[in-house]
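Take a moment with the sequence and the model before reading on. We'll go from the aromatic residues out to the surface, with a few backbone oddities along the way.

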Amino acid sequence: MKINDVAAQAFAMPLTNPAYPRPPYRFYNREYIIIKYRTNPDALRAVVPEPLEIAEPIVSYEFIRMPDSTGFGDYTETGQVIPVRHRGEAGGYVHSMYLDDEAPIAGGREIWGFPKKLAAPAIVHESDVIRGTLHYGSALCASGSVGYKHEILDPAPVLESMRRPNFMLKIIPHVDGAPRICELVRYSLEDIDLKGAWSGPAALALFPHVIADVARLPVLEVLGATHFIADLTLGLGEVVHDYLAGDAA
């Protein structure tokens with residue numbers, strides 16, 4: 001392969017058989033189970049990077065079922081999002097993500113900087129309860145349960161929350177092990193078709209684990225839960241702060 005051909009063909013690794021297709025990515029019938037809980041403010045301050053500001057000591061623990069997505073297929077994801085502000089704008093900081101599909105792990109980390117790790121999350125409907133779990137190997141790391149569709153929600157606030165931007169750290173090392181990219185990235189969901197939204201009582205337990213360390217942000221009080229289903233497009237990102245340059249992009 002000629003030098004010019006490499007540059008023309010290069011999109012993702014491996015060069016001749018990338019781990020994921022080019023974006024954009026459309027998701028159909030994406031099912032969210034989001035349990036909001038109060039946590040320790042000191043624990044939040046230890047993980048949320050400046051220039052983001054912590055809005056309140058709240059965490060959204062998310063279980064997401066993605067049965068039909070462009071290029072990524074069928075998979076399940078779980079993790080924690082922290083309400084933050086960036087230059088006065090409300091959004092969420094994506095702190096942790098665990099999923100069971102290699103393509104979105106590679107694509108999410110390499111394109112946006114999603115903090116994705118391979119694990120075994122699951123969402124199951126059991127009679128009058130929706131149950132979400134996260135296992136790493138044989139260890140149970142998270143267990144959440146929500147009452148099934150107890151109350152129909154007004155779609156407007158749910159759509160507003162979905163349209164808020166999210167932030168994450170994109171970190172890629174150089175070949176010598178030093179950071180080559182260290183950026184705060186912003187992205188938003190686009191073209192959202194909300195098909196239904198509900199609330200219900202909820203319970204959540206997080207268990208210490210060396211790799212899947214969701215218990216680093218402990219549950220002090222469960223505040224409630226939402227359950228919704230939507231079609232949407234994962235928007236491409238933008239760099240809002242370059243930590244190596246020391247200046248906002």
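**A walk from the rings to the surface**

Tyr 25, Phe 72, Tyr 75, Trp 112, Phe 114 and Tyr 187 come together as one aromatic cluster. Before we pick that apart, a word on ground rules: this is a predicted model, where local features need pLDDT of at least 70, side-chain atom pairs count only at pLDDT 80 or more, and totals for chains, interfaces and linings use all residues. Residues are numbered from 1 along each chain as its sequence is written, and side-chain values use heavy atoms, with hydrogens and water left out.

Across the whole structure, a search turns up 8 aromatic pairs. Rings of Phe, Tyr and Trp (for Trp, its six-membered ring) pair if their centres lie within 6.5 Å; planes under 30 degrees apart count as stacked, over 60 as edge-to-face, and the rest as tilted. Start with Tyr 25 and Phe 72: their pair is tilted, at 4.4 Å centre to centre with 35° between the planes. Tyr 25 sits in strand β1 and Phe 72 in the loop between β3 (58–69) and β4 (73–86), so this contact ties together parts 47 residues apart in sequence. (Strands here are DSSP runs of E, at least two residues, and helices are runs of H or I, at least four; both are numbered from the N terminus.)

Both Tyr 25 and Phe 72 are buried. As for the terms, buried means under 20% relative accessible area, exposed means over 50%, and partly exposed is in between, using a 1.4 Å probe and protein chains only. Tyr 25 has a second partner in Trp 112: the ring centres are 6.0 Å apart and the planes at 55°, so this pair is tilted. With Tyr 25 in strand β1 and Trp 112 in helix α3 (residues 102–112), the pair ties together parts that are 87 residues apart in sequence. The accessibility figures are 0% for Tyr 25 and 1% for Trp 112, so each counts as buried.

Some rings also have a charge over them, meaning that NZ of Lys or CZ of Arg is within 6 Å of the ring centre and within 35 degrees of the ring normal. Lys 116 lies over the face of Phe 114, 5.1 Å from the ring centre. Likewise, the charged end of Arg 30 sits over the ring of Phe 27, 4.4 Å from its centre.

Now for the strands, which pair if DSSP finds at least two bridges between them. β1 runs antiparallel to strand β15 (residues 221–234), over 12 bridges, and Ile 34 has Thr 226 in β15 as its bridge partner. β13 and β15 are also antiparallel, joined by 9 bridges; there, Asp 193 stands opposite Asp 231 in β15.

Which residues does the salt-bridge network link? Glu 89, Arg 186 and Glu 238. The structure holds 10 salt bridges, each being a side-chain nitrogen of Lys or Arg within 4 Å of a carboxyl oxygen of Asp or Glu. Within the network, Glu 238 bridges to Arg 186, with the closest N and O atoms 3.2 Å apart. That pair links distant parts of the chain, 52 residues apart: Glu 238 is in strand β16 (residues 238–242) and Arg 186 in strand β12 (residues 179–187). Glu 238 is partly exposed, at 40% relative accessible area. Elsewhere, Arg 216 and Asp 213 form a salt bridge at 2.9 Å, N to O, while Glu 160 and Arg 164 meet at 3.8 Å.

The backbone has its quirks too. Most residues other than glycine have a negative phi, and most peptide bonds are trans. Yet the bond joining Met 13 and Pro 14 is cis, with omega about -10°, and so is the one from Pro 23 to Pro 24, with omega near 15°. Pro 14 is in the loop between α1 and β1 (25–38), and Pro 24 is in the loop between α1 and β1 as well. Positive phi values appear at Ser 127, about 60°, and at Asp 191, near 50°. Ser 127 is in the loop between β7 (120–126) and β8 (129–136) and is exposed at 73%; Asp 191 belongs to strand β13 (residues 189–200) and is exposed at 56%.
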